[in-house]
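The following questions and replies introduce a structure to a new reader. Each reply sets a value against the definition behind it.

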Amino acid sequence: MTHANGALGATPVRPSLLEVRDVTVAYRVPGGGANVALSGVALAVHEGEWLAVIGHNGSGKSTLAKLMNGLLIPGRGDVIVAGMNTRETALHRAIRQTVGVVFQDPEDQIVATLVEEDVAFGPENLGLARDEVRALVQSALDAIDAQDLRLRAPHQLSGGQKQRVAIAGVLAMRPRCIVLDESTAMLDPEGRREVLDVVARLHRAGTTIVAVTHFMSEAALADRIVVLSEGRIALEGVPREIFGDRERLRALDLDVPPVAQVAERARALGVGVRGLPLTVGEFVTALP
Ligand SMILES: Nc1ncnc2c1ncn2[C@@H]1O[C@H](COP(=O)(O)OP(=O)(O)OP(=O)(O)O)[C@@H](O)[C@H]1O
Ligand SMILES: [Mg+2]
């Protein structure tokens, strides 16, 4: 006999922080008609997980990201953030404190002339006391390992530093979830590494991460991957499942991470690489 909430002794189901329930989004286009960006998408994001969202251009990734903190309200279906429906305008403030979004271009996210003022912008707008704001800024800068940037001008920083400051601005609101929409796309390899290090650290500390990316090497770091295609979820699973299905990936115009491609080439040349290495570390241990 099982109870409605699961059998005794069963593995506890991780609670969902975010639920996208059968959502359809259509953008109106000039001259009439509509552009359907998402149709019938259902997805739960679990507390503490790192979810990667991949898919070719125009597949609906940014639309999905914008739904997650109420920047966009679905035409049909609902998005529930920690029990709050994004349709309820009165909850928008609480929703945006729960889920913070970091976008692609760090320049678009800079609002002040000093890093510490920039990071303080969110909490100041909440009307918090000076001391509280100072403490939040301090811990956000600690989280991105950037106390040394506190008094710098954001415009003079490198791309990676700017994007870390944008993340600190979001962290200062103490969100439970951070959504990154191609936040490493405009950065050089060094900047990408800086940002990924911060994301991995936040994930280890328990923050829920939703990362839209077109870098398969980044998606390979996630706990789970969702593949969008023409506004629908085409595939969903752990990285090993997703990247193990080459045919499906190819049909979706996607590839395996570069490391896995190298492993495949090496195997073709007679090097006995074992399994499906998805990261450099895995490749090293997969060598004969
Ligand atoms: N404001 C808008 N008005 C009209 N159509 C839009 C708008 N924003 C997005 N679209 C369309 O909706 C679809 C999904 O767009 P979306 O930006 O969510 O895709 P994406 O996967 O993020 O793409 P990319 O890889 O280029 O960032 C596309 O066909 C796009 O052209
Ligand atoms: Mg996009």
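A polar contact is a pair of N or O atoms within 3.5 Å; within protein, one atom must be able to donate a hydrogen and the other to accept it, and residues adjacent in sequence count only if both atoms are side-chain atoms. This is a predicted model, in which local features need pLDDT of at least 70 and side-chain atom pairs count only at pLDDT 80 or more, while totals for chains, interfaces and linings use all residues. Residues are numbered from 1 along each chain as its sequence is written, chains are lettered from A and ligands numbered from 1 in the order in which they are written, and side-chain values use heavy atoms, with hydrogens and water left out.

Q: What makes the pair formed by Thr63 and ligand 1 a polar contact?
A: An N or O atom in the side chain of Thr63 is 2.5 Å from an oxygen atom of ligand 1. The limit is 3.5 Å, so the pair qualifies as a polar contact. The protein covers 62% of the 630 Å² of accessible area that ligand 1 has on its own (Shrake-Rupley method, 1.4 Å probe; for residues, only the protein chains shown count as cover).

Q: Which backbone atoms lie at such distances from ligand 1?
A: A backbone N or O atom of Ser59 lies 3.2 Å from an oxygen atom of ligand 1, and one of Gly60 lies 3.0 Å from an oxygen atom of ligand 1.

Q: Which residues surround ligand 1?
A: The shell (a heavy atom within 4 Å) includes Tyr27, Asn35, His56, Asn57 and Lys61. The helix α1 (61–67) gives the most, with three residues, and β2 (34–46) supplies at least two. Helices are DSSP runs of H or I with at least four residues, strands are runs of E with at least two, and both are numbered from the N terminus.

Q: Why is Gln109 called buried or exposed?
A: Gln109 has a relative accessible area of 18%. Buried means under 20%, exposed over 50% and partly exposed in between (1.4 Å probe, protein chains only), so Gln109 is buried. Gln109 sits in the loop between β6 (99–102) and α3 (115–125), where its side chain reaches the backbone nitrogen of Phe103 at 3.0 Å. Beyond neighbours within four places in sequence, Gln109 is in contact (heavy atoms within 4.5 Å) with residues including Val101, Asp118 and Gln163.

Q: What do the buried residues of α3 pack against?
A: They pack against α4 and α5 (159–171). Among the buried residues of α3 are Val115, Asp118 and Val119.

Q: What makes Asp142 buried, exposed or partly exposed?
A: The relative accessible area of Asp142 is 44%, so Asp142 is partly exposed. Asp142 belongs to helix α4 (residues 130–143), and its side chain makes a polar contact of 2.7 Å with the side chain of Gln147.

Q: How do you know whether Asp253 is buried or exposed?
A: At 65% relative accessible area, Asp253 is exposed. Asp253 lies in the loop between α9 (246–251) and α10 (258–268). Although Asp253 and Asn57 are 196 residues apart in sequence, they are 9.9 Å apart in space, C-alpha to C-alpha.

Q: What is the confidence in the model?
A: The pLDDT (the predictor's confidence in each residue, from 0 to 100) averages 92, and 95% of the residues score at least 70. Over residues 1–7 the pLDDT is below 50. Where pLDDT is low, the predicted coordinates should not be read in detail.
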